[in-house]
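Q: Please take a close look at a single part of this protein. Pick one strand and follow it outward to its surroundings.

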Amino acid sequence: MRPSDLLDLIFPPSCGGCARRGTRWCPGCAASLRPAPHATLAGLPLLAGARLDGPFQQAIHTFKYRGRPALGSALALPLIASALKAELPLQALSFVPLHPDRARERGFNQAEQLANQLGRALTLPVVAGLARVRATAPQVGLTGRQREANVAGAFRWVGPAGPPTAIGLIDDVCTTGATLRAAADALEAAGGSVAAFLVLAVPHTLAAPLVTLPE
(Lines give C-alpha, C1' and ligand atoms only; values in the text may rest on other atoms or scores of the structure.)
Protein backbone atom coordinates (compact mmCIF):
# COMPACT_ATOMS: atom_id res chain seq x y z
CA MET A 1 0.00 0.00 0.00
CA ARG A 2 1.31 3.43 -0.95
CA PRO A 3 1.68 6.07 1.82
CA SER A 4 -0.98 8.21 0.13
CA ASP A 5 -3.48 5.34 0.25
CA LEU A 6 -2.68 4.75 3.92
CA LEU A 7 -3.26 8.43 4.68
CA ASP A 8 -6.67 8.21 2.98
CA LEU A 9 -7.58 5.46 5.44
CA ILE A 10 -6.50 7.52 8.43
CA PHE A 11 -7.65 10.97 7.34
CA PRO A 12 -10.58 12.02 5.12
CA PRO A 13 -9.39 12.04 1.50
CA SER A 14 -9.28 15.28 -0.44
CA CYS A 15 -10.76 15.90 -3.86
CA GLY A 16 -8.14 15.70 -6.60
CA GLY A 17 -9.71 18.66 -8.37
CA CYS A 18 -10.46 21.21 -5.63
CA ALA A 19 -8.87 19.68 -2.48
CA ARG A 20 -12.25 19.57 -0.72
CA ARG A 21 -12.11 17.11 2.15
CA GLY A 22 -14.27 14.02 2.36
CA THR A 23 -13.97 12.48 -1.11
CA ARG A 24 -11.31 11.76 -3.72
CA TRP A 25 -13.40 13.35 -6.51
CA CYS A 26 -16.27 15.58 -5.37
CA PRO A 27 -19.67 15.88 -7.11
CA GLY A 28 -19.00 19.52 -7.96
CA CYS A 29 -15.81 18.74 -9.85
CA ALA A 30 -17.43 15.75 -11.53
CA ALA A 31 -20.27 18.00 -12.73
CA SER A 32 -17.79 20.50 -14.19
CA LEU A 33 -16.53 18.12 -16.90
CA ARG A 34 -16.98 19.28 -20.48
CA PRO A 35 -17.36 16.80 -23.35
CA ALA A 36 -14.23 16.08 -25.34
CA PRO A 37 -14.22 16.97 -29.03
CA HIS A 38 -14.68 14.11 -31.47
CA ALA A 39 -11.27 13.44 -32.96
CA THR A 40 -9.01 11.04 -34.81
CA LEU A 41 -5.30 10.36 -34.53
CA ALA A 42 -3.39 8.79 -37.42
CA GLY A 43 -6.76 8.10 -39.03
CA LEU A 44 -8.04 6.14 -36.01
CA PRO A 45 -10.67 7.10 -33.42
CA LEU A 46 -9.34 9.08 -30.46
CA LEU A 47 -11.75 8.64 -27.57
CA ALA A 48 -11.52 10.76 -24.41
CA GLY A 49 -13.57 11.05 -21.27
CA ALA A 50 -13.58 14.86 -21.13
CA ARG A 51 -11.69 18.02 -22.02
CA LEU A 52 -8.35 18.65 -20.37
CA ASP A 53 -9.19 21.76 -18.36
CA GLY A 54 -10.40 22.99 -14.98
CA PRO A 55 -10.70 20.58 -12.05
CA PHE A 56 -10.30 17.54 -14.32
CA GLN A 57 -6.89 18.71 -15.48
CA GLN A 58 -5.88 19.37 -11.88
CA ALA A 59 -7.12 15.95 -10.80
CA ILE A 60 -5.18 14.16 -13.54
CA HIS A 61 -2.05 16.03 -12.44
CA THR A 62 -2.74 15.00 -8.84
CA PHE A 63 -3.33 11.39 -9.92
CA LYS A 64 -0.04 11.17 -11.82
CA TYR A 65 2.43 13.33 -9.93
CA ARG A 66 1.26 13.46 -6.32
CA GLY A 67 1.07 9.76 -5.61
CA ARG A 68 -2.73 9.34 -5.71
CA PRO A 69 -3.32 6.13 -7.69
CA ALA A 70 -6.64 5.53 -5.91
CA LEU A 71 -7.99 8.63 -7.66
CA GLY A 72 -7.76 6.85 -11.01
CA SER A 73 -10.89 4.76 -10.45
CA ALA A 74 -13.04 7.90 -10.27
CA LEU A 75 -11.31 9.72 -13.13
CA ALA A 76 -11.73 6.72 -15.41
CA LEU A 77 -15.53 6.72 -15.18
CA PRO A 78 -16.15 9.28 -17.98
CA LEU A 79 -13.81 7.37 -20.30
CA ILE A 80 -15.51 4.09 -19.47
CA ALA A 81 -18.89 5.66 -20.24
CA SER A 82 -17.59 7.03 -23.56
CA ALA A 83 -16.09 3.66 -24.51
CA LEU A 84 -19.28 1.76 -23.71
CA LYS A 85 -21.31 4.21 -25.78
CA ALA A 86 -18.88 4.13 -28.73
CA GLU A 87 -18.96 0.31 -29.01
CA LEU A 88 -15.53 0.26 -30.60
CA PRO A 89 -14.58 -3.01 -32.35
CA LEU A 90 -11.72 -3.85 -29.98
CA GLN A 91 -10.24 -7.27 -29.30
CA ALA A 92 -7.86 -6.25 -26.50
CA LEU A 93 -6.43 -3.29 -24.62
CA SER A 94 -2.84 -2.23 -24.09
CA PHE A 95 -1.20 0.80 -22.53
CA VAL A 96 1.68 3.20 -22.94
CA PRO A 97 4.48 1.97 -20.67
CA LEU A 98 6.75 3.98 -18.42
CA HIS A 99 10.52 3.58 -18.48
CA PRO A 100 11.55 1.33 -15.55
CA ASP A 101 13.32 4.23 -13.83
CA ARG A 102 10.19 6.40 -14.04
CA ALA A 103 7.99 3.52 -12.89
CA ARG A 104 10.11 3.01 -9.80
CA GLU A 105 10.07 6.73 -9.08
CA ARG A 106 6.29 7.09 -9.48
CA GLY A 107 5.37 3.74 -7.96
CA PHE A 108 2.70 2.92 -10.54
CA ASN A 109 1.90 3.36 -14.22
CA GLN A 110 -1.23 5.46 -14.58
CA ALA A 111 -1.92 4.16 -18.10
CA GLU A 112 -1.69 0.53 -16.95
CA GLN A 113 -4.07 1.25 -14.08
CA LEU A 114 -6.56 2.85 -16.46
CA ALA A 115 -6.25 -0.07 -18.88
CA ASN A 116 -7.08 -2.54 -16.12
CA GLN A 117 -10.17 -0.57 -15.15
CA LEU A 118 -11.36 -0.33 -18.75
CA GLY A 119 -10.62 -3.99 -19.30
CA ARG A 120 -12.94 -4.95 -16.45
CA ALA A 121 -15.68 -2.58 -17.62
CA LEU A 122 -15.47 -3.61 -21.29
CA THR A 123 -14.68 -7.29 -20.56
CA LEU A 124 -11.56 -7.11 -22.71
CA PRO A 125 -8.13 -8.61 -21.98
CA VAL A 126 -5.32 -6.22 -21.11
CA VAL A 127 -2.13 -7.18 -22.93
CA ALA A 128 1.26 -6.20 -21.53
CA GLY A 129 4.45 -6.52 -23.56
CA LEU A 130 5.04 -3.03 -24.85
CA ALA A 131 8.19 -1.57 -23.23
CA ARG A 132 9.76 1.85 -23.14
CA VAL A 133 13.33 0.92 -23.98
CA ARG A 134 14.74 4.43 -23.92
CA ALA A 135 14.32 6.99 -21.16
CA THR A 136 12.69 10.15 -22.49
CA ALA A 137 12.40 13.67 -21.16
CA PRO A 138 8.96 14.81 -19.98
CA GLN A 139 6.80 15.92 -22.91
CA VAL A 140 5.43 18.95 -21.05
CA GLY A 141 6.75 22.18 -22.53
CA LEU A 142 8.04 20.63 -25.77
CA THR A 143 6.83 21.62 -29.22
CA GLY A 144 5.13 19.08 -31.45
CA ARG A 145 8.33 18.37 -33.40
CA GLN A 146 10.32 18.09 -30.17
CA ARG A 147 7.78 15.65 -28.76
CA GLU A 148 8.02 13.46 -31.85
CA ALA A 149 11.82 13.41 -31.66
CA ASN A 150 11.71 12.76 -27.92
CA VAL A 151 9.70 9.53 -28.24
CA ALA A 152 10.95 8.30 -31.64
CA GLY A 153 12.15 4.71 -31.19
CA ALA A 154 11.38 4.78 -27.47
CA PHE A 155 9.03 1.76 -27.53
CA ARG A 156 9.44 -1.89 -28.45
CA TRP A 157 7.29 -4.98 -28.16
CA VAL A 158 9.00 -7.48 -25.80
CA GLY A 159 6.13 -9.85 -25.01
CA PRO A 160 6.59 -13.62 -25.34
CA ALA A 161 4.08 -13.69 -28.20
CA GLY A 162 3.20 -11.11 -30.81
CA PRO A 163 0.64 -8.43 -29.97
CA PRO A 164 -2.99 -8.99 -30.97
CA THR A 165 -4.95 -7.05 -33.57
CA ALA A 166 -7.64 -4.43 -32.96
CA ILE A 167 -5.99 -3.07 -29.82
CA GLY A 168 -7.33 -0.12 -27.87
CA LEU A 169 -4.19 1.77 -26.80
CA ILE A 170 -4.55 3.69 -23.54
CA ASP A 171 -2.78 6.68 -22.01
CA ASP A 172 -3.82 9.36 -19.54
CA VAL A 173 -3.90 12.40 -21.86
CA CYS A 174 -3.27 13.22 -25.51
CA THR A 175 -2.06 16.64 -26.62
CA THR A 176 -0.12 16.23 -29.87
CA GLY A 177 -0.44 12.44 -30.07
CA ALA A 178 3.31 11.90 -30.44
CA THR A 179 3.58 9.37 -27.61
CA LEU A 180 0.53 7.37 -28.69
CA ARG A 181 1.71 7.26 -32.30
CA ALA A 182 5.19 6.09 -31.31
CA ALA A 183 3.73 3.34 -29.12
CA ALA A 184 1.32 2.31 -31.90
CA ASP A 185 4.23 2.12 -34.35
CA ALA A 186 5.99 -0.34 -32.04
CA LEU A 187 2.88 -2.52 -31.78
CA GLU A 188 2.43 -2.54 -35.54
CA ALA A 189 6.12 -3.29 -36.16
CA ALA A 190 5.65 -6.42 -34.04
CA GLY A 191 2.63 -7.54 -36.08
CA GLY A 192 -0.21 -6.08 -34.02
CA SER A 193 -2.64 -3.34 -34.94
CA VAL A 194 -4.27 -0.47 -33.10
CA ALA A 195 -7.98 0.15 -33.70
CA ALA A 196 -8.47 3.16 -31.41
CA PHE A 197 -6.77 5.39 -28.85
CA LEU A 198 -8.40 5.94 -25.45
CA VAL A 199 -7.38 8.65 -22.99
CA LEU A 200 -8.82 10.41 -19.97
CA ALA A 201 -8.70 13.85 -21.58
CA VAL A 202 -7.74 15.92 -24.60
CA PRO A 203 -7.38 19.70 -24.91
CA HIS A 204 -10.24 21.73 -26.35
CA THR A 205 -8.04 22.77 -29.27
CA LEU A 206 -6.18 19.80 -30.68
CA ALA A 207 -2.80 20.30 -32.29
CA ALA A 208 -1.95 18.92 -35.73
CA PRO A 209 -1.79 16.09 -36.74
CA LEU A 210 -4.81 15.43 -34.54
CA VAL A 211 -8.03 15.93 -36.48
CA THR A 212 -11.13 17.31 -34.79
CA LEU A 213 -14.33 16.03 -36.32
CA PRO A 214 -17.55 18.05 -36.56
CA GLU A 215 -20.07 17.54 -33.75
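A: What follows starts from one strand and moves out to its partners and the cores.

This is a predicted model, in which local features need pLDDT of at least 70, side-chain atom pairs count only at pLDDT 80 or more, and totals for chains, interfaces and linings use all residues. Residues are numbered from 1 along each chain as its sequence is written, and side-chain values use heavy atoms, with hydrogens and water left out.

The strand is β6, residues 167-173. Helices (H or I, at least four residues) and strands (E, at least two) are DSSP runs, numbered from the N terminus. The protein chain has nine helices and eight strands. Six of the seven residues of β6 are buried, so the strand is largely enclosed by the rest of the structure. Buried means under 20% relative accessible area, exposed over 50%, and partly exposed in between (1.4 Å probe, protein chains only). Across the 215 residues of the chain, 51% count as buried.

Now the partners. Two strands pair if DSSP finds at least two bridges between them. Strand β3 (residues 92-95) pairs with β6 in the parallel sense, over four bridges. Here phenylalanine 95 stands opposite isoleucine 170 of β6. Strand β7 (residues 194-202) also runs parallel to β6, joined by six bridges. Aspartate 171 has valine 199 of β7 as its bridge partner.

A helix belongs to this picture too. β6, helix α9 (residues 178-189) and β7 make a right-handed β-α-β unit. Right-handed means that, with the strands pointing away from the viewer, the path from the first strand over the helix to the second runs clockwise.

Next, the packing. A nonpolar core is a set of buried Ala, Val, Leu, Ile, Met, Phe, Trp, Tyr and Cys residues joined through side-chain atoms within 4.5 Å. The largest one has 33 residues, and Leu118, Leu198 and Leu200 are among those with the most contacts inside it. Elements giving it two or more residues include β3, α7 (110-122) and β7. The largest share, five residues, comes from α7. Leucine 118 touches Ile170, Leu93 and Leu198, among others beyond four places in sequence. Contact means heavy atoms within 4.5 Å. Apart from this core lies another, of 27 residues, including Cys174, Leu180 and Phe197.

Finally, β6 also serves as cover. It is among the elements that cover the buried residues of α3, as are β2, α7 and β7. Those buried residues include Phe56, Ala59 and Phe63.
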